[in-house]
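Subject: Structure handover

Hello,

Please find the structure below, with the sequence. My notes on what turned up in it follow.

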Amino acid sequence: MPNLGFGQEWDSTLVARRITDTPCAEHNDAYQQEARVSAGLSKIEVDTTTLPAESERNKLRKHFGRFDILFFLVCTLVGLDTIGTVAASGAEAFTWLIVLAVIFFVPSALLTAELGTAFAEEGGPYIWTSRAFGRLAGAVNNFLYWVTNPVWLGGTLSVSAVAAFTTFFNDGKDLSTPAFYVFTLLFIWVGVLAAILSFDVGKWIPTAGAWSRFVLLGLFTLTVVIYAFKHGLHGFGFGDFSPTYAGFVGLVPVLMFNYVGFELPNTAGDEMTDAQKDVPYGIFRAAGLGVLLYGLPILGILLVLPVKAITGLGGFLDAIRQVFTVYGGHVASDGTVTLSGAGTVLGDLAAVMFILTVLSSGVTWIMGSDRALAVSGYDGAAPRGLGVISERFGTPVRVNLLSGVLSTGVLILAHQLTGGDAGKLFGAVLGLAVSTTLISYLGIFPALPVLRRKYPQVERAYRAPAAWPIAIVLTLLILFASVQLLVPGAPFDWFSSDFRPDGWSYSERWTYLLTEAVPLAVFIVTGVIFWALGAPTRAKTKKTAATGVTQG
């Protein structure tokens with residue numbers, strides 16, 4: 001019998017699943033024998049009920065249809081919390097948005113469409129990385145993929161929701177500390193509850209969030225046109241669109257952060273009704289909608305507001321207030337905006353839709369990344385206690401609660417460290433979320449050509465063109481953006497005025513590096529620890545496959 005290394009261990013688990021899923025009973029004996037031989041398990045009976053992965057997969061329910069995937073992807077890809085950050089870079093931001101749509105967004109859609117149909121198991125990106133590079137790489141990569149989202153929910157998204165509330169419902173005045181915590185904790189735990197609920201219930205928040213995006217961004221774009229006819233627009237010349245290297249360094253990380261996420265629905269792969277047909281359908285339509293839903297509001301902000309007046313946190317909200325004066329209100333000579341009548345009503349409605357959109361962004365990413373971490377738990381790349389699917393809900397409730405606790409901790413810690421300064425809190429957490437997220441794709445994108453080589457026999461309903469070139473270009477872009485997040489401007493002009501983030505001085509460059517590198521190192525070490533804690537599960541899976549113990 002061949003030695004069961006990592007590859008065979010993976011195969012034996014997959015074989016067991018394929019045996020139990022074989023629909024034709026009359027062919028089952030021959031199919032089992034062929035499968036055992038291919039995995040090095042000839043003449044061995046495998047008891048699938050003792051495999052941790054199988055026992056948890058049996059609790060999953062198929063509720064994820066074609067339009068669910070599309071709406072889920074719209075919420076995943078179109079995050080309104082970063083629109084102001086992009087627009088603050090001026091007209092060249094629109095240029096880089098289009099350039100990256102061509103060289104990054106579309107190729108990543110092609111790559112993910114193949115992976116998502118060929119390897120459609122629950123866990124998505126964890127499955128792909130683990131099969132391609134081993135469980136240790138999968139464990140570290142998956143922890144980075146997961147931990148970003150509680151941090152993002154508790155920091156950037158919750159603060160964005162507060163900003164919308166205070167801008168439209170509190171006359172722009174900051175909330176008191178108790179009110180701030182009541183609002184943000186309610187925001188976080190509503191999102192966690194949505195992730196806990198069975199997918200046929202929880203999926204309605206992404207669906208509502210997708211429609212909120214369509215209505216809000218459509219209304220904003222239409223209102224910009226009306227505003228232009230009535231008041232004129234803030235002008236800029238054609239030369240303002242010219243791309244620069246400094247703009248590239250500053251914009252690429254956050255634009256890539258906006259442009260990743262095609263793989264997220266595949267974290268619920270075993271809950272899809274027809275992954276082979278529905279994944280490409282959702283990905284390619286969401287790609288087109290994503291470019292449109294980012295491009296129009298960013299261009300609208302640039303047309304309405306001077307670049308110096310655009311902030312990362314409030315840029316989009318400020319633009320909404322200004323253009324909505326066409327329905328009632330006025331802009332004072334000092335730039336103060338006052339809404340009245342229908343302008344107030346529509347502004348309040350826009351604020352509610354904005355809050356729903358940022359909530360749905362957090363919910364979709366928590367739903368997906370929590371499932372990926374649970375899969376690594378029952379697969380032996382994280383503690384087994386995290387790899388438990390609820391019998392009642394069919395969701396990873398333990399990981400969902402862990403995400404909620406971490407989000408709450410991030411919120412409280414960041415709020416205390418920044419002295420309640422919403423702008424600082426927003427910027428600090430966004431930088432960490434962007435860097436951690438992008439680095440996780442260093443394991444995901446190269447998996448395509450590696451899995452083609454390792455598993456050529458796997459049926460592929462869709463094949464991406466030029467797999468190796470796409471994977472190499474995407475990986476190099478991610479690597480470049482990750483380096484620039486850690487050491488902006490390197491290797492040419494590290495931390496010069498053209499490259500360093502706002503609010504930092506050249507003398508603080510090492511402090512900045514530590515604020516980015518230390519959390520990242522902690523996350524990587526934690527991923528290794530998770531892998532070590534998964535050893536008993538790996539041993540059980542290997543032993544079950546090797547001994548062939550059967551019941552009955």
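Glu54, Arg57 and Asp270 are joined in a network of salt bridges. The model is a predicted one, and a search of the whole structure finds twelve salt bridges. Three further pairs are worth listing.

Arg66 and Asp278 form a salt bridge in which the closest N and O atoms are 3.0 Å apart. This pair links distant parts of the chain, with Arg66 in helix α4 (residues 66-77) and Asp278 in helix α13 (residues 275-304), 212 residues apart. The two partners can be set side by side: Arg66 is partly exposed at 31% relative accessibility, while Asp278 has a relative accessible area of 7% and is buried.

Lys203 forms a salt bridge with Asp68, and here the closest N and O atoms are 3.1 Å apart. Lys203 sits in the loop between α10 and α11, and Asp68 in helix α4, so distant parts of the chain, 135 residues apart, are linked. Lys203 counts as buried because its relative accessible area, 14%, is under the 20% cut-off. Asp68 is also buried, with 17% relative accessibility.

In the third pair, the side chains of Arg452 and Glu114 meet in a salt bridge at 2.6 Å, N to O. Arg452 belongs to helix α18 (residues 447-454) and Glu114 to helix α6 (residues 92-118), so the bridge ties together parts that are 338 residues apart in sequence. Glu114 is buried, its relative accessible area being 1%.

Now the chain as a whole. It has 21 helices and two strands. Of its 552 residues, 59% count as buried. Among contacts with a separation of 6 or more, 82% are between residues 24 or more positions apart. The accessible surface comes to about 21,400 Å², and carbon and sulfur atoms account for 65% of that.

Two helices were looked at in detail. Helix α9 (residues 177-196) has 20 residues, which at 1.5 Å a residue should span 28 Å; the end C-alpha atoms are 28 Å apart, so the two values agree. Its buried residues include Phe180, Tyr181, Phe183, Phe187 and Ile188, as well as Gly191 and Val192. The elements that cover the buried residues of α9 include α8 (135-169), α10 (199-202), α11 (204-231), α15 (342-379) and α16 (397-417).

Helix α11 has 28 residues and an expected span of 40 Å at 1.5 Å a residue; its end C-alpha atoms lie 39 Å apart, which agrees. Among the buried residues of α11 are Pro206, Gly209, Arg213, Leu216, Leu217, Phe220 and Tyr227. The buried residues of this helix pack against α4, α10, α13, α14 (315-323) and α15. Just after α11, Gly232 takes a positive phi of about 80°.

On aromatic rings, the structure holds 31 pairs. One of them is Phe71 with Trp211: the ring centres are 5.9 Å apart and the planes are at 55°, so the pair is tilted. Phe71 lies in helix α4 and Trp211 in helix α11, so this pair ties together parts that are 140 residues apart in sequence. Phe71 is buried, with a relative accessible area of 13%, whereas Trp211 is partly exposed at 48%. Separately, Phe104, Tyr145, Trp365, Tyr441 and Phe445 form one aromatic cluster.

Gly443 is in helix α17 (residues 422-444). Is Gly443 buried or exposed? Gly443 has a relative accessible area of 8%, so it is buried. Not counting residues up to four places away in sequence, Gly443 touches Thr129, Phe133 and Asn141. The C-alpha atoms of Gly443 and Phe133 are separated by 8.2 Å, with their positions 310 residues apart along the chain.

Last, the surface. Trp468, Ile472, Leu476, Leu479 and Val483 make a nonpolar surface patch of about 480 Å². Leu479 lies in helix α19 (residues 467-486) and counts as partly exposed, at 41% relative accessibility.

Regards

Key:
Residues are numbered from 1 along each chain as its sequence is written. This is a predicted model: local features need pLDDT of at least 70, side-chain atom pairs count only at pLDDT 80 or more; totals for chains, interfaces and linings use all residues. Side-chain values use heavy atoms; hydrogens and water are left out. Helices (H or I, at least four residues) and strands (E, at least two) are DSSP runs, numbered from the N terminus. The expected span of a helix is 1.5 Å times one less than its number of residues. Buried means under 20% relative accessible area, exposed over 50%, partly exposed in between (1.4 Å probe, protein chains only). Contact means heavy atoms within 4.5 Å. Patches are made of residues with over 30% relative accessible area and no salt bridge: like charges are joined within 9 Å, nonpolar side chains (Val, Leu, Ile, Met, Phe, Trp, Tyr) within 5 Å. Accessible areas come from the Shrake-Rupley method with a 1.4 Å probe; for residues, only the protein chains shown count as cover. A salt bridge is a side-chain nitrogen of Lys or Arg within 4 Å of a carboxyl oxygen of Asp or Glu. Rings of Phe, Tyr and Trp (its six-membered ring) pair if their centres lie within 6.5 Å; planes under 30 degrees apart count as stacked, over 60 as edge-to-face and the rest as tilted.
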